[in-house]
Structures are given as C-alpha cells and as structure tokens.
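Work through the exercises below with the coordinates open. Each task is followed by a solution in steps.

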Amino acid sequence: MPSLPEWASEADWHWMQRALTLAEQAEQEGEVPVGAVLVDAQQNEVAAGWNRVIQQNDPTAHAEIVALRAAGSVLQNYRLPDLTLYVTLEPCPMCAAAMVHARIHRLVIATTDPRTGAAGSAMDLVAHPCLNHRIATDIGLCQSQASDQLKAFFRAKRR
C-alpha cells in the first residue's frame, strides 16, 4: 500500500481500490472510467456503480447516480445519511446535488475535475451554504492512479 494522506485510513484505501476496479469495468464497456462505491459505518459495501451512460442510453447514469439508486433500493430509503461514497473522479453538479439530497455523510474523491467538478474545483455544491445539508469531503486518495486511468482513456479515444 502506498503512503496515504494523513486523513485517510487503510479502509479508505481499500474502498478506493474497489472504486478504481469499477472504473475499469466502465472502461471495458466503452464508458468513461469512473467508479463509485457506497459503504456503511460498519465498512460494508451497500452499493456500487460505474458509468453506464452509453450502455443505458441515459445521460444520468453516472457512476454516483447508479450507486445511489442501488443503495436506495437496497436500504428501501431515499435518504442515505450514514454512508460514505468513494468515487474516482470529482462529481459533476448533477451527482453532487443528488448526494446532498440523499444526505450522504462523507465523500472521498480520488481526483478532481477542474472544469466541471462540484465538490470544490469548479464549484462546491456539496458544502454550499444555501443548502440544508453539507457533505464532509476528502480529496486526493489514489489521485495519480485515477488521473492516469482517465488520461489514458481519453488519449486512446483521441487516436
């Protein structure tokens, strides 16, 4: 295991590796390689997702939304207050807003998205003072691994 940011635990590293594996699944299906996993306070996987926009012909089928929908189904609740979401790329505004509405407790992001990231890069919806819920957010766990995966994907697409 590589050295971790001071805020990260071995469990955080484990779950981010799971999210990176899900991102690989997305890439194998021709999708942008983004993976997300939701974990409860007892460190159990509740739900997982990877980008499925092309596969499902659904512009909302981002990894985070897929995972949130699955967790809601598993827990039979639209509120997910005690869960941590691990994701390989900083969420877009749609995904960030969905997380706020679901009352996600914590968000762990591998790499930022300076153009459309909504957890502190381009904007910060997960901690916006006008909203009635804010999500604790940690950024940078497995950053180079996630960033390299995305860069390689888009480099191959441009060829």
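**Exercise 1. Helix H1**

Task: Find which residues of H1 are buried and which elements they pack against.

Solution. Step 1: the buried residues of H1 are Asp12, Trp15, Met16, Gln17, Ala19, Leu20, Leu22, Ala23 and Ala26. Buried means under 20% relative accessible area, exposed over 50%, and partly exposed in between, with a 1.4 Å probe and protein chains only. Helices (H or I, at least four residues) and strands (E, at least two) are DSSP runs numbered from the N terminus.

Step 2: these buried residues of H1 pack against E1, E2, E3, E4 and H5. A contact is a pair of heavy atoms within 4.5 Å.

Step 3: check the length. H1 covers residues 10-28, and its 19 residues at 1.5 Å a residue should span 27 Å, which agrees with the 27 Å between its end C-alpha atoms. The expected span is 1.5 Å times one less than the number of residues.

Two conventions apply throughout. The model is predicted, and local features need pLDDT of at least 70, side-chain atom pairs count only at pLDDT 80 or more, while totals for chains, interfaces and linings use all residues. Residues are numbered from 1 along each chain as its sequence is written, and side-chain values use heavy atoms, with hydrogens and water left out.

**Exercise 2. Helix H3 and the loop after it**

Task: Repeat the analysis for H3, then examine Gln76 and Leu83 in the loop between H3 and E3.

Solution. Step 1: the 13 residues of H3 should span 18 Å at 1.5 Å a residue, and the end C-alpha atoms are 18 Å apart, in agreement.

Step 2: Ala63, Glu64, Ile65, Val66, Ala67, Leu68, Ala71 and Gly72 are buried in H3. They pack against strand E1 (35-39), strand E2 (45-50), strand E3 (84-89) and helix H4 (93-102).

Step 3: just after H3, Gln76 takes a positive phi of about 55°. Most residues other than glycine have a negative phi. Gln76 is exposed, with a relative accessible area of 67%.

Step 4: Leu83 is in that loop too, but Leu83 is buried, at 4% relative accessible area. Leaving aside neighbours within four places in sequence, Leu83 is in contact with Leu38, Val39, Asp40, Val46, Ala71, Leu75, Ile104, His105 and Arg106. The C-alpha atoms of Leu83 and Leu38 are 6.2 Å apart, although the two residues are separated by 45 residues along the chain.

**Exercise 3. Two arginines in loops**

Task: Are Arg103 and Arg134 buried, partly exposed or exposed?

Solution. Step 1: Arg103 is found in the loop between H4 and strand E4 (106-111). Arg103 is buried, with a relative accessible area of 18%. Its phi is positive, about 65°, although Arg103 is not a glycine.

Step 2: Arg134 lies in the loop between E4 and strand E5 (136-139). At 42% relative accessibility, Arg134 counts as partly exposed. Apart from neighbours within four places in sequence, Arg134 is in contact with Val126, Ala127, His128 and Pro129.

**Exercise 4. Cysteines**

Task: How many disulfides does a search of the whole structure find, and why are Cys92 and Cys130 not bonded?

Solution. Step 1: the search finds zero disulfides. A disulfide is a pair of cysteine sulfur atoms within 2.5 Å.

Step 2: the closest cysteine sulfur to that of Cys92 is in Cys95, at 3.7 Å, so it is too far for a bond. Cys92 is buried, at 16% relative accessible area.

Step 3: for Cys130, the closest cysteine sulfur is in Cys92, 20 Å away, again too far for a bond. Cys130 is exposed, at 69%.

**Exercise 5. The largest pocket**

Task: Describe the volume and lining of the largest pocket.

Solution. Step 1: the space in the largest pocket is about 510 Å³. A pocket is an open set of points on a 1 Å grid over the protein atoms alone, where a 1.4 Å probe fits, with protein on both sides within 12 Å along at least five of seven lines; lining residues have an atom within 4 Å of a point. Grid points are joined across faces, edges and corners, and the volume is the space filled by probe spheres set on them.

Step 2: 21 residues line the largest pocket, and Leu89, Asp113, Thr116, Leu150 and Phe154 lie nearest its centre. Helix H3 (63-75) and helix H5 (143-158) are the elements that give two or more residues to this lining. H5 supplies the largest share, four residues.

Step 3: the lining residues divide into 10 nonpolar, six polar and five charged. Here Ala, Val, Leu, Ile, Met, Phe, Trp, Tyr, Cys and Pro count as nonpolar, Asp, Glu, Lys and Arg as charged, and the others, Gly among them, as polar.
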